[in-house]
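User: I'm new to this one and would like a close look at a single part of it. Could you start there and then walk me through what else is worth seeing?

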Amino acid sequence: MTTTRRQFTCALAGGLSVAAAGCSVAQQTASVRAIDVHGQLSTKDGKVVDQNGVALSLAGPSLFWHNLGWSDRGGLEPGDYYNPAVVRSALRLWNAPIIRAAIGVETNGGYIQHPDYAWSRLTAVVDAAIDNGMYCIVDWHTHHAEDHAPVAHAFFTRVAKRYAGYPNVIYELYNEPLPTANWSRVIRPYAADLMETIRAIDADNLIVVGTRSWSQDVDEAAKEP
């Protein structure tokens, strides 16, 4: 591991606005697994910390939306890259301690249209991340999460039941709210309700909530956690 002056900001469980500077930057190799070094992640004093209470930054690749039917020329589908070999490559080539599975929701070929396909792609990535000692963000990738709240509850209930007890998993409830999505009236109540569903099953793993304008307006979450 190295130490660098890196700053990152996101809205986390409880609406915390996190800005960590001078934190440890987690890296990983095949012989040094991130999960073994850092274990259960949590938040403290507005920072993400590991099992030793050390503030850290996790950086790794995000897979493209998994959606089925986006290849119109008979080529590979985005979901074809949701496989253990790609996860291992992120570790082997980039020493990535974390990877994100972006599960498209209502866009063409998304979870709502093909839930079984989406679930198979998601579990392939999460299971591989766990096997390789990496963290994995389960990203509910949508611009209109509030319009599909019941589907989100069912999805994250299923995810939490499968992965509660695995500190590798991070829940991302709403990746890219649009500029028109009001924090107080739309994003916050949606997230708070969904957090209760997850916390009834998984009391420990991090929950990430995007803020308005594609997760840019974090000041609004800081003012109203």
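Where is Asp45 found?

Analyst: Keep in mind that what you're looking at is a predicted model. Asp45 is found in the loop between β5 (42-44) and β6 (47-49). Look at its backbone: Asp45 has a positive phi of about 55 degrees, even though it is not a glycine. Why point that out? Most residues other than glycine have a negative phi. As for the surroundings, Asp45 has a relative accessibility of 72%, so it counts as exposed.

Now for another residue with that backbone feature. Ser215 isn't a glycine either, and its phi is positive too, at about 70 degrees. Ser215 doesn't sit in a loop, though: you'll find it in helix α6 (residues 212-215). With a relative accessibility of 28%, Ser215 counts as partly exposed. Leaving aside residues up to four places away in sequence, Ser215 touches Asn175, Pro177 and Gly210. Tyr174 is 41 residues away from Ser215 along the chain, yet their C-alpha atoms are separated by 9.0 Å.

Let's step back to the chain as a whole. The protein chain has seven helices and eleven strands. There are 225 residues in the protein chain, and 49% of them count as buried. If you take the contacts with a separation of 6 or more, 70% of them join residues 24 or more positions apart.

Ala96 gives you one example of two residues brought together from separate stretches. Its place is in the loop between α2 (84-94) and β8 (98-104). Ala96 is 37 residues from Ala59 in sequence, but 6.7 Å from it in space, C-alpha to C-alpha. Unlike the exposed Asp45, this loop residue is tucked away: Ala96 has a relative accessible area of 3%, so it is buried.

On to the helices. Two packed helices are described by the angle between their axes and the distance between the axes. Take helix α4 (residues 149-163) and helix α5 (residues 183-199): they pack at an angle of about 30 degrees, with their axes 9 Å apart. Because of that angle, α4 is roughly parallel to α5. The crossing of α4 past α5 is right-handed. On the α4 side, the contact is made by Ala149, Ala152, His153, Phe156 and Thr157, while α5 brings Tyr190, Asp193, Leu194, Thr197 and Ile198. Sort the residues of that contact by type and you get six nonpolar, three polar and one charged.

Helix α4 also packs with α3. Here the angle is about 30 degrees and the axes are 12 Å apart. α3 and α4 are therefore roughly parallel to each other. The crossing of α3 and α4 is right-handed. From α3, the contact uses Trp119, Leu122, Thr123, Val126, Asp127 and Ile130; from α4, it uses Phe155, Arg158, Val159, Arg162 and Tyr163. By type, the residues of the contact of α3 with α4 come out as seven nonpolar, one polar and three charged.

That brings us to the rings. A search of the whole structure finds nine aromatic pairs. One of them is Trp119 with Phe155, an edge-to-face pair measuring 6.4 Å centre to centre, with 85 degrees between the planes. The pair links distant parts of the chain, with Trp119 in helix α3 (residues 115-131) and Phe155 in helix α4, 36 residues apart. Both Trp119 and Phe155 are buried. Then there's Tyr163 with Tyr166: the ring centres are 6.3 Å apart and the planes are at 70 degrees, so this pair is edge-to-face. Tyr163 has a relative accessibility of 1%, so it counts as buried, whereas Tyr166 is partly exposed, with a relative accessible area of 37%.

Finally, look for the aromatic cluster formed by Tyr111, Trp119, Trp140, Phe155, Phe156 and Tyr171. You've already met some of these names: Trp119 and Phe155 belong to the contact of α3 with α4, and Phe156 belongs to the contact of α4 with α5.

Definitions and conventions
Residues are numbered from 1 along each chain as its sequence is written. This is a predicted model: local features need pLDDT of at least 70, side-chain atom pairs count only at pLDDT 80 or more; totals for chains, interfaces and linings use all residues. Side-chain values use heavy atoms; hydrogens and water are left out. Axes are lines fitted to C-alpha atoms, for helices over the stretch in contact, and angles run from 0 to 180 degrees between N-to-C directions. Helices (H or I, at least four residues) and strands (E, at least two) are DSSP runs, numbered from the N terminus. Angles under 35 degrees count as roughly parallel, over 145 as roughly antiparallel, 65 to 115 as roughly perpendicular and the rest as oblique. A crossing is left-handed if the near helix is turned anticlockwise from the far one by less than a right angle, and right-handed if clockwise. Contact means heavy atoms within 4.5 Å. Ala, Val, Leu, Ile, Met, Phe, Trp, Tyr, Cys and Pro count as nonpolar, Asp, Glu, Lys and Arg as charged, and the others, Gly among them, as polar. Buried means under 20% relative accessible area, exposed over 50%, partly exposed in between (1.4 Å probe, protein chains only). Rings of Phe, Tyr and Trp (its six-membered ring) pair if their centres lie within 6.5 Å; planes under 30 degrees apart count as stacked, over 60 as edge-to-face and the rest as tilted.
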